[in-house]
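Biologist: I'd like to learn how to read a model like this one. Could you walk me through it, starting with what "buried" is supposed to tell me?

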Amino acid sequence: MQTSVLNWLDNTASAYADKVMFTDSNSTITFAEFNKLTISVCSFLASKSNPYSPVVVMSGRHIYTSACYLGAVRAGCFYAPMDATMPVSRLNQILGVIKSDNMIVDREHLEIAKSLDFNGNVYVMEDIIDFPVDNILLDKAVSNLNETSPLYVIFTSGSTGVPKGVITSHHSLMCYIDAVSKVLDINDSDVMGNQSPLDYIAAVRDIYFPIKIGASTVIIPKNEFSMPTELFETLNKNKVTALCWSVAGVELPAKLGAFDIIKPEYLKKLCFSGSVMPCKYLKIWQEALPDVLYVNQYGPTEATASCTYYVVEEKVNDDTVLPIGKPYENYTITLLNDDSTATAEGEIGEICVSGPILALGYYGDVERTAQSFMQNPLNRNYRELIYKTGDLGKWNEQGILEFHGRKDRQIKHMGHRIELGEIEETAKQITGITDCCSLYYKDKEHLYLFYVGDATSKEIVLHFRKVLPAFMVPRKIINLDKLPTLPNGKTDMQTLKTYFK
Amino acid sequence: MDELMQILEELRPDVDFENETALIGDGILDSFDIVALVGELNDAFDIEIKPNNLVPENFNSAKAMMALIEQLQDE
């Protein structure tokens with residue numbers, strides 16, 4: 001039985017030693033070289049860190065980043081990845097939650113690391129990846145790990161304005177990777193094209209398909225996503241066969257007309273997730289690449305990236321609405337009503353998920369963990385935790401799950417989940433804003449901020465760019481004399497929605 | 001040029017479009033900016049930016065974008 005992802009890495013490192021594991025725009029790394037790096041990072045780190053403690057890794061889109069993640073894991077720790085391109089105040093918020101003693105940073109981002117509110121040790125990646133191997137430390141560090149040890153903490157938007165750190169265990173990640181690799185039929189001849197930032201949940205497949213199965217991953221430079229023909233050229237040059245992308249990423253080349261010029265010739269599998277797929281774009285993919293396996297995946301970070309999947313076998317039309325399908329292996333879905341009773345057949349209820357894939361909770365936040373991960377109210381006989389996703393769903397007549405929107409004000413935008421409450425909290429930090437409401441115009445994918453006060457839209461955007469990631473900056477900013485209200489005094493969001501243009 | 005600068009300023013008020021010359025190369029504009037920008041430029045200038053126009057050289061600076069717009073208007 002395998003107790004950690006390191007068992008996987010040990011296997012593939014010996015079975016595929018000289019095969020290329022990761023490729024970035026400048027270089028490649030083989031399985032053996034990658035494994036060696038994780039051992040060096042561990043040898044350096046193990047004497048300086050406590051077991052089960054977080055190691056922050058702030059590193060760019062290159063082949064060494066994942067090696068630092070796994071090096072921290074070898075040292076008996078878990079990794080908390082951070083994207084250095086996020087605003088400094090966001091990074092400081094994350095550091096405030098994770099309270100780590102150790103950070104690994106690549107030299108390129110060292111200056112940023114130095115500017116952060118961080119009192120722990122900062123180690124430069126380039127200085128430690130050649131550290132001499134210490135076998136005694138290595139064995140001792142790994143002996144601390146068991147299946148339920150944390151593997152990583154990944155941060156996501158929180159409605160109170162502070163990001164939440166979702167903790168995932170080795171076991172959960174291994175269950176998910178097992179299940180998704182079967183659905184996508186990933187094997188050692190597959191080449192993945194990585195789109196997701198490496199610190200984001202959607203990258204786990206690009207990182208762990210190589211580690212588990214011996215597939216390779218090409219880390220695509222971020223700016224190629226602006227230039228779709230270059231993007232497809234890169235896929236072809238590297239003979240990329242499989243993509244696990246956000247819906248937003250899949251839409252881009254279709255929206256910008258890339259298929260008129262060039263096609264990804266080697267592509268066999270495309271899994272998309274993160275938001276509802278507008279089928280007018282999927283149709284363009286299907287028409288250009290009819291033999292590709294298309295899989296719609298649904299699920300939150302709290303259930304290890306996913307819950308359900310749907311293999312798209314039909315030819316879609318512009319107005320097709322894809323179901324979210326059936327649960328992956330090791331995932332159980334229950335629909336609940338607001339009063340915690342079981343939802344009747346054919347009716348809409350909140351999608352709740354249980355199984356070994358549930359996260360260990362929110363880092364350093366016992367209270368919120370207890371609210372979100374709770375005893376299944378339908379089970380009075382033994383302990384069974386469920387995670388309430390806040391998403392609404394319905395089983396159709398074929399026993400396939402359909403998605404019916406959100407219970408609360410969380411939205412999906414550009415492949416990321418955003419709490420509209422967090423946008424409003426951020427806006428209220430600006431002195432020239434006395435009242436505000438944020439809404440999402442889904443048809444045009446525009447994030448709106450309606451506000452009262454004398455702040456200019458330029459001031460507002462500059463503030464947002466300073467404190468939040470780019471995908472959370474409102475695209476349309478509308479100044480009003482007052483916000484419309486309902487008889488009970490609450491903001492009238494339906495009236496505000498008529499102001500969308 | 002004024003109309004272009006106004007569109008750019010509205011899209012990304014945090015960027016110095018007068019002086020930046022590596023908007024794509026340095027990743028200042030991201031893919032979502034480009035999608036929004038292409039739509040707005042097509043409407044505002046009555047042009048059709050084609051996928052083969054989407055190369056860094058055409059979008060690295062406001063000047064390059066203006067040259068692309070003029071070229072497409074002449075076609």
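Modeller: Sure. A residue counts as buried if 20 or more other C-beta atoms lie within 10 Å of its own. Keep in mind that this is a predicted model.

Biologist: Let's try that on a helix. Which residues of α12 in chain A are buried?

Modeller: Helix α12 of chain A runs over residues 279-288, and its buried residues are A:L282, A:I284 and A:W285. They span an arc of only 150 degrees around the axis, so they sit on the same side of α12(A).

Biologist: And what covers the buried residues of α12(A)?

Modeller: The cover includes α11, β12 (269-273) and β13 (293-298) of chain A.

Biologist: Let's zoom out. How much of chain A counts as buried?

Modeller: Of its 501 residues, 50% do. As for secondary structure, chain A has 16 helices and 26 strands. Its radius of gyration is 23 Å, close to the 23 Å from the globule rule for 501 residues, so chain A is as compact as a globular protein of that length. The C-alpha atoms fill a box of roughly 70 × 60 × 50 Å along the principal axes.

Biologist: What about contacts between residues at least 6 apart in the sequence of chain A: what share joins residues at least 24 apart?

Modeller: That share is 66%.

Biologist: Now domains. How is chain A divided?

Modeller: Into domain 1 (1-18 + 30-168), domain 2 (330-406) and domain 3 (414-497). The C-alpha centres of domains 1 and 2 of chain A are 31 Å apart. Their contact takes 10 residues from domain 1 of chain A and seven from domain 2 of chain A.

Biologist: Which elements give two or more residues to the domain 1 side?

Modeller: Those are α4 (88-98), β7 (150-156) and β8 (164-169) of chain A. The largest share, five residues, is from β8(A). By class, that side of domain 1 has six nonpolar, two polar and two charged residues.

Biologist: Last one: how do I read the contact between chains?

Modeller: People often give the size of an interface as the accessible area lost when the parts come together. Here we can go by residues: 21 from chain A and 18 from chain B. On the chain A side, α10 (228-237), α11 (247-255) and α15 (457-467) each give two or more residues, and α15(A) has the largest share with four residues.

Biologist: How do the residues on the chain A side split by class?

Modeller: There are 11 nonpolar, four polar and six charged residues on the side of chain A that touches chain B.

Note on methods. Residues numbered from 1 in each chain as written. Chains lettered and ligands numbered in written order. Predicted model: local features only at pLDDT ≥ 70, side-chain atom pairs only at ≥ 80, totals over all residues. Domains from an automatic or database assignment. Contact = placed C-beta atoms within 7 Å. Nonpolar A, V, L, I, M, F, W, Y, C, P; charged D, E, K, R; others polar. Rg over C-alpha atoms; globule rule 2.2 N^0.38 Å. Buried ≥ 20, exposed ≤ 12 C-beta atoms within 10 Å, placed from the backbone. Arc of directions from axis to C-beta.
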